[in-house]
Amino acid sequence: MKPVDWITQVLEMAAALAAAPVFLGWLNQCRAWLQNRRAPSLWLPYRNLHKLFHKEAVIAENASPLFRIAPYVVFGAMVLAAGIIPSMGTRLPLVVSADAIALVGLFAAARMFMTLAAMDVGTAFGTLGARREMMVGFLAEPALLMVIFVASLISSSTALPVITAHLASGHVGLSPSLAFSAVAFILVLLAENARIPVDNPATHLELTMIHEAMVLEYSARHLALMEWAAQLKLFNYVCIGFALFFPWGVATGHIGPAGLLVAIPALAVKLAAAGLGLAVIETVSAKMRVMRIPEFLGTAFLFAVLGLLVHVLLKA
Amino acid sequence: MITTLPPLLTGCVALLCAWVLVGLAGLLRPGSVRFAGRTLFTLGAVLGLGLAVLAGASLLSGGTERLILPLGLPNLPVHLRLDPLSSLFLFLLGASSFGISVFAGGYFRQGEGTLPGLLCLQYHLFLASMGGVLLANDAYGFLVAWEVMTLSSYFLVTTQHRIPEIRRAGFLYLLMAHVGALCLLLCFGVLQGGSWLFTFHAMRAAHLSPGWAAVAFLLALIGFGAKAGLVPLHVWLPDAHPAAPSPVSALMSGVMLKTAVYGMLRVGLDLLGRPLWWWGLAPLILGLLTIFYGVVFAAVQTDMKRLLAYSSIENMGLVFAGIGLTIVFAGSGMPAVAALALLATLYHCLNHSFMKSLLFLGTGSVLHATGERNLGRLGGLIHRMPWVAWLTLIGTLAIAGLPPLNGFVSEWLLLQSFLFAGQLPHAFVNLLIPMGMALVVLGAALAGYVMVKFYGIIFLGQPRETSLAHAHDCGRLERIGLLWLALGCLALGLFPLQVVHALGAVTGQLVGAAVPQASAHWWLLAPVPGRSVSYGPLVFLTATAAVVLLTVFVVRLIYRQRVRRGPAWDCGFGAATARMQDTAEGFGQPIRHLFQPFFEIERELPEPADRTPRYRIAIRERIWRLAYEPLARAVGRLANAAARIQQGRISVYLLYSFVTLLVLLAVALIS
């Protein structure tokens, strides 16, 4: 690994940190337009974070140290995940140490810390949110792993850059197995990021919320880190989708200024399209009952397994 | 003779004998907790450490030592052998028993059923017999040690024999263990292949027809599967493991289950020679079923030790699925991949031994501090018992399979070997394997659910009972025991390449291929032949720590406000009490709802006008009603039928003898 690769590595993480709030802003804007509302500013998530970082933090009296550590761990996990996913270049030094299975493990670790922190204060909402989050997680996590396995069987590796480079090399069209797993992936993405058919990011109605219920007790900088981590998670999932299904424009060699000139606009265009697509999905679908979520995710899991079977049967 | 004594094996045997002596010493002052509990258990722990050192040295040297001891019946000496496979499991026994014994030294108290001195004897006999199982090189020695192991653990399970449920659990354990032992007896009978020599050496040399070999394999699978808690032979495990005192539960879950794995590997991959690939399907499918079954039941438990027992069932499923996969690959002429699958299996055995012992000991401390095993009456213990809580957190994260801890490494290895399934030459299995992979992954994710429930309800939140305010942290010896096991979890997670290196001798012995070291770096695990995949937990941990610390630093830099403590927000609802948190039943509700057909649920719901409403829900396994109860009734009927010829009068019995003699005479005359 050359120094230039380490620069790529840091650049990717920094880009994710910077772009994640904007991406959420863009998604909210698209949603507002589609719903005939006046759109909030693209920079609103930034202002929100800025505001939270300058407020006094209130922590519940019986919160343990775990409660204060969790936001940093969750945030750190998401930043690290951004460094493993090849969003601009595939020459990432960190990827040697963490492949796609470790990436899913990283997401699981973040989830675990978040749910434990939610249970720490001991309010009814916290445990309710934790329970629901684990219900979503235990089906979404295997579905995501199965989606990744389809791509890794095609490219004989579980390292994401190898997968991306193989899929981008052109002799793989959109194979039927990948089509199945793409459907599964979209369902997982919606569920994992608390988007509309599963959870409503705009509501504080207790009976339906999942993610918001878990971060209820957080305030100020801790809340800011949690929110930023959630934005990063959405960004990371979208980038995993690009890496598996739309790997075009990602620099496969040592990245240089010329490579960046292609990679950054390509990523921006893909992100804009993804935001619009997500907004459309969220606008045309309605929030479902909590106990319907396992059916939704079970469908995703089965689609992913089907993708794997199709790959084994057709070798495609 | 004396000059050629093999050093390591002799040392191991001496340590096992010393364990027995330590146990016997407990009888000197059986009532003294100070002597039997503190001193002798600590001494036993040191012996365990010595065993781990000797076995580790043997494992690293990769050599084999043999010894014949002229004990027992004339012309039937005891054959012992220390090869890489037994070294590995001896190391596991020594290393985890060190932590457990040190903990036990601080754990046992007066007035808990059996006297401490007697407990000490049973405990150390149990340890020594497990060592005997691992060292035996003939069927006699193996089965004798196996029986001593079963009996000593039976007495340990029934320590609190005044409680009827515990006596029942002990009886069930004894029954199932003997069903298994009978199968093993038959299995060794088949394995000697007409030579009537019961040394393992002769069994390796015997040439069995494929049919008989398959019978032997199946018998071994039933026999060892009953010990390991493979579905549907698992019914004793969730009763027996929680009934024992916590250090014994730890020993049973952490170590005794591994002797079953050892036996399965010894028979399936060593004594039977080259296995046929389709034998592997049985452990693979049973293992996959066990994973799913165990974890789903673990998610709905309300007793913390039962929850861990079901989680052990799940983990043994994972191990047996790994064994099945190893045999499928080895029988299909893919030794390198078979070595990878075997590596995952062995690694998981080591991991589970440390993680599950740690968790069981943690529940032991909680049990002593609070007197409660029901999750619904615990909570908030992280404030009262910080040592136990933080050390248990390591075990919790490890068993949930999170990087960079040890549970992740073995799951990673297992998934990597599953990913090779597409290259198998059997089309049917190729279709089966993705489903298996899906089950493994689903099991791992559900294990996360179970562990959040376990940890969150015991240690986090508000105390659900007022009595919990008096809970105290564990003592010094207990802390050392927990710390040792937690450090083991960390070390196994952070230095996988060194562990894989040490395990190379075992894979070489069993499937004839060591895992190639594709990586040039000591911190990077890249065991997959011909593929560019790798995992570096140290870099992973360093990167995570760096990012987290940088975040803390930057946040401190820009954040100028102070932090204030206040009452919990809870959406502004002021009247929240500790009883409004989720109970164990509540947290398991989604799983109960989703997998309803698996359970037999008995609900006790209050009437609408009830002044003191009570809500109770009991979950049983359907397998009891579908299989075991009809079986028990059938056995009862058979026994009743047989009882008809028992008249209780001496003349009738004399008549029976007379008739038998006549029949025998007739047979002799005719032939």
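Which residue takes a positive phi just after α8(B)? The residue is G229(B), whose phi is about 85°. The model described in this report is predicted.

## Overall architecture

Chain A contains 11 helices and 1 strand. Along the sequence the order of these elements is α-α-β-α-α-α-α-α-α-α-α-α. The radius of gyration of chain A is 19 Å, which agrees with the value near 20 Å that a compact globule of 316 residues would have. The C-alpha trace of chain A extends over about 55 × 45 × 40 Å along its principal axes. Of the 316 residues in chain A, 60% are buried. Among contacts in chain A with a separation of 6 or more, 81% involve residues 24 or more positions apart.

Chain B has 23 helices and 5 strands. Its radius of gyration, 26 Å, is close to the 26 Å given by the globule rule for 671 residues, so chain B is as compact as a globular protein of that length. The principal-axis spans of the C-alpha trace of chain B are about 105 × 70 × 60 Å. Buried residues make up 54% of the 671 residues of chain B. Residues 24 or more positions apart supply 79% of the contacts in chain B with a separation of 6 or more.

## The interface between chains A and B

The contact between the two chains involves 71 residues of chain A and 70 residues of chain B. On the side of chain A that touches chain B, the elements giving two or more residues are β1 (57–60), α3 (65–84), α4 (100–120), α5 (124–155), α9 (220–245) and α11 (293–314). The largest share of that side, 17 residues, is provided by α5(A). By residue class, the side of chain A that touches chain B comprises 46 nonpolar, 15 polar and 10 charged residues.

Strand pairing also links the chains: β1(A) runs parallel to β3(B), residues 563–566, and 4 bridges join them. Within this pairing, A60(A) has G566(B) as its bridge partner.

## The β1–β2 pairing in chain B

Strand β1(B), residues 65–69, is antiparallel to β2(B) and is joined to it by 5 bridges. R66(B) lies opposite R81(B) of β2(B).

Strand β2(B) covers residues 78–82, and 5 of its 5 residues are buried, so the strand is largely enclosed by the rest of the structure. V78(B), L80(B) and L82(B) point one way from the strand, while H79(B) and R81(B) point the other way; all are buried.

## Helices α8 and α10 of chain B

Helix α8(B), residues 210–228, has 19 residues and reaches 26 Å from its first C-alpha to its last, close to the expected 27 Å at 1.5 Å a residue. Its buried residues include A213(B), F217(B), L221(B), F224(B) and K227(B). The buried residues of α8(B) pack against α6 (164–191), α10, α11 (281–299) and α12 (304–331) of chain B.

Helix α10(B) runs from residue 246 to residue 271; its 26 residues should span 38 Å at 1.5 Å a residue, and the end C-alpha atoms are 35 Å apart, which agrees. A kink of about 35° in α10(B) is centred on M252(B). Because 25 of the 26 residues of α10(B) are buried, this helix is largely enclosed by the rest of the structure. Just after α10(B), G273(B) adopts a positive phi of about 75°.

## Backbone exceptions

Most residues other than glycine have a negative phi, and most peptide bonds are trans. In chain B, the peptide bond from V231(B) to P232(B) is cis, with omega near 5°. P232(B) is located in the loop between α8 and α9 (237–243) of chain B. The peptide bond joining P403(B) and P404(B) is likewise cis, with omega of about 0°. P404(B) belongs to the loop between α15 (386–399) and α16 (406–418) of chain B.

In chain A, N36(A) has a positive phi near 60° although it is not glycine. It lies in the loop between α1 (3–34) and α2 (44–53) of chain A. N36(A) counts as exposed, because it has 6 C-beta neighbours inside 10 Å. A220(A), also a residue other than glycine, has a positive phi near 50°. The position of A220(A) is in helix α9 of chain A. With 20 other C-beta atoms within 10 Å, A220(A) is buried.

Note on methods:
Residues are numbered from 1 along each chain as its sequence is written. Chains are lettered from A and ligands numbered from 1 in the order in which they are written. This is a predicted model: local features need pLDDT of at least 70, side-chain atom pairs count only at pLDDT 80 or more; totals for chains, interfaces and linings use all residues. Helices (H or I, at least four residues) and strands (E, at least two) are DSSP runs, numbered from the N terminus. The radius of gyration is taken over C-alpha atoms; the globule rule is 2.2 Å times the number of residues to the power 0.38. A residue is buried if 20 or more other C-beta atoms lie within 10 Å of its own, exposed if 12 or fewer, and partly exposed in between; C-beta atoms are placed from the backbone. Two residues are in contact if their C-beta atoms, placed from the backbone, lie within 7 Å. Ala, Val, Leu, Ile, Met, Phe, Trp, Tyr, Cys and Pro count as nonpolar, Asp, Glu, Lys and Arg as charged, and the others, Gly among them, as polar. Two strands pair if DSSP finds at least two bridges between them. The expected span of a helix is 1.5 Å times one less than its number of residues. The bend at a residue is the angle between axes fitted to the seven residues ending there and the seven starting there.
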